[in-house]
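This briefing covers strand pairing, an internal cavity, the nonpolar core and the surroundings of one residue. Please read it alongside the model.

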Amino acid sequence: MDFARIRSVVDSLAGSAAAEIRIRTADMDLHVRFAPEPAVASVPASAATSSAAAAAPEGLVEVAAPMPGLVYLAPAPSAPRFVEPGTRVAASDTLLLIEAMKSMLPVRAPIDGTVEVVLVADEEAVAAAQVLVRMRPVPA
């Protein structure tokens, strides 16, 4: 098994309920134990009652984190953000990155649409399935 295949397997299990994995081949024995999910700071009561943190308004599509990790809203510290509220995107455009286990995973738009709200801050720790972005579909 090559390194890219091992990375793919480990990355795909990083956000799952798996606590560890062992991969054995003729020339190696790899044992990976996943660290507990990072603690996510509690949301202040004022933020929890804001319209952005409330349930998604009808017609919006929510984009959730596929795994726990750190969010990066731009490809580099000095670069512009991938998206801002009001940005029109095509399906599969990168909305943000999640760093997990030293790998950067792009979170892509599931639909053609307009970004309504980005619910996370740059370098914020997020949990798997946490809603990151809400989008409005483009009318057909």
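In this predicted model, strand β8, residues 113–118, is paired with β10 through five bridges, and the two strands run antiparallel. Val117 is placed opposite Arg134 of β10. Strand β10 also pairs with β3, contributes to the largest nonpolar core, and holds Val133, the bridge partner of Val63.

**Pairing around β10**

- Strand β3 spans residues 61–64 and strand β10 spans residues 131–137; four bridges link them in the antiparallel sense.
- Within β10, Val133 is the residue bridged to Val63.
- Val133 recurs elsewhere: it is part of the lining of the largest cavity, and it is among the residues with the most contacts inside the largest nonpolar core.

**The four-stranded sheet**

- Four strands form an open sheet in the order β7-β6-β4-β9, and their pairing is antiparallel.
- The edge positions are taken by β7 (103–108) and β9, each of which has a single partner strand, so one side of each has no neighbour in the sheet.
- Strand β4 (residues 69–72) is joined to β9 (residues 125–126) by two bridges, with the strands antiparallel.
- Gly69 has Val126 of β9 as its bridge partner.
- Strand β4 also pairs with β6 (residues 94–100), through three antiparallel bridges.
- In that pairing, Val71 stands opposite Ile98 of β6.
- In a regular strand, side chains point alternately to the two faces of the sheet.

**Largest nonpolar core**

- The largest nonpolar core contains 19 residues, and Val71, Leu95, Leu96, Ile98, Leu132 and Val133 have the most contacts inside it.
- Strands β6 and β10 are the elements that supply two or more residues to this core.
- The most comes from β6, which gives four residues.
- Val71 and Ile98, which stand opposite each other in the β4 and β6 pairing, are both among the core residues with the most contacts.

**Cavity**

- One cavity of 30 Å³ or more is counted.
- The space in the largest cavity is about 30 Å³.
- Its lining consists of Leu73, Arg81, Val83, Leu95, Leu96, Val118 and Val133.
- By class, the lining of the largest cavity has six nonpolar residues, no polar residue and one charged residue.
- Leu95, Leu96 and Val133 belong to this lining and are also listed among the residues with the most contacts in the largest nonpolar core.

**Leu95 and Arg108**

- Beyond residues up to four places away in sequence, Leu95 touches Val63, Phe82, Val83, Val89, Val107, Arg108, Ala109, Val115, Val133 and Met135.
- Arg108 belongs to strand β7.
- The relative accessible area of Arg108 is 43%, so it counts as partly exposed, between the 20% limit for buried and the 50% limit for exposed.
- Arg108 and Leu95 are 13 residues apart along the chain, and their C-alpha atoms are separated by 5.4 Å.
- With neighbours within four places in sequence set aside, the contacts of Arg108 are Val63, Ser92, Asp93, Thr94 and Leu95.
- Val63 is in contact with Arg108 and also with Leu95.

Terms used
Residues are numbered from 1 along each chain as its sequence is written. This is a predicted model: local features need pLDDT of at least 70, side-chain atom pairs count only at pLDDT 80 or more; totals for chains, interfaces and linings use all residues. Side-chain values use heavy atoms; hydrogens and water are left out. Two strands pair if DSSP finds at least two bridges between them. On a 1 Å grid over the protein atoms alone, a cavity is a set of points where a 1.4 Å probe fits but cannot get out, and a pocket is an open set with protein on both sides within 12 Å along at least five of seven lines; lining residues have an atom within 4 Å of a point. Grid points are joined across faces, edges and corners, and a volume is the space filled by probe spheres set on the points. Ala, Val, Leu, Ile, Met, Phe, Trp, Tyr, Cys and Pro count as nonpolar, Asp, Glu, Lys and Arg as charged, and the others, Gly among them, as polar. A nonpolar core is a set of buried Ala, Val, Leu, Ile, Met, Phe, Trp, Tyr and Cys residues joined through side-chain atoms within 4.5 Å. Buried means under 20% relative accessible area, exposed over 50%, partly exposed in between (1.4 Å probe, protein chains only). Contact means heavy atoms within 4.5 Å.
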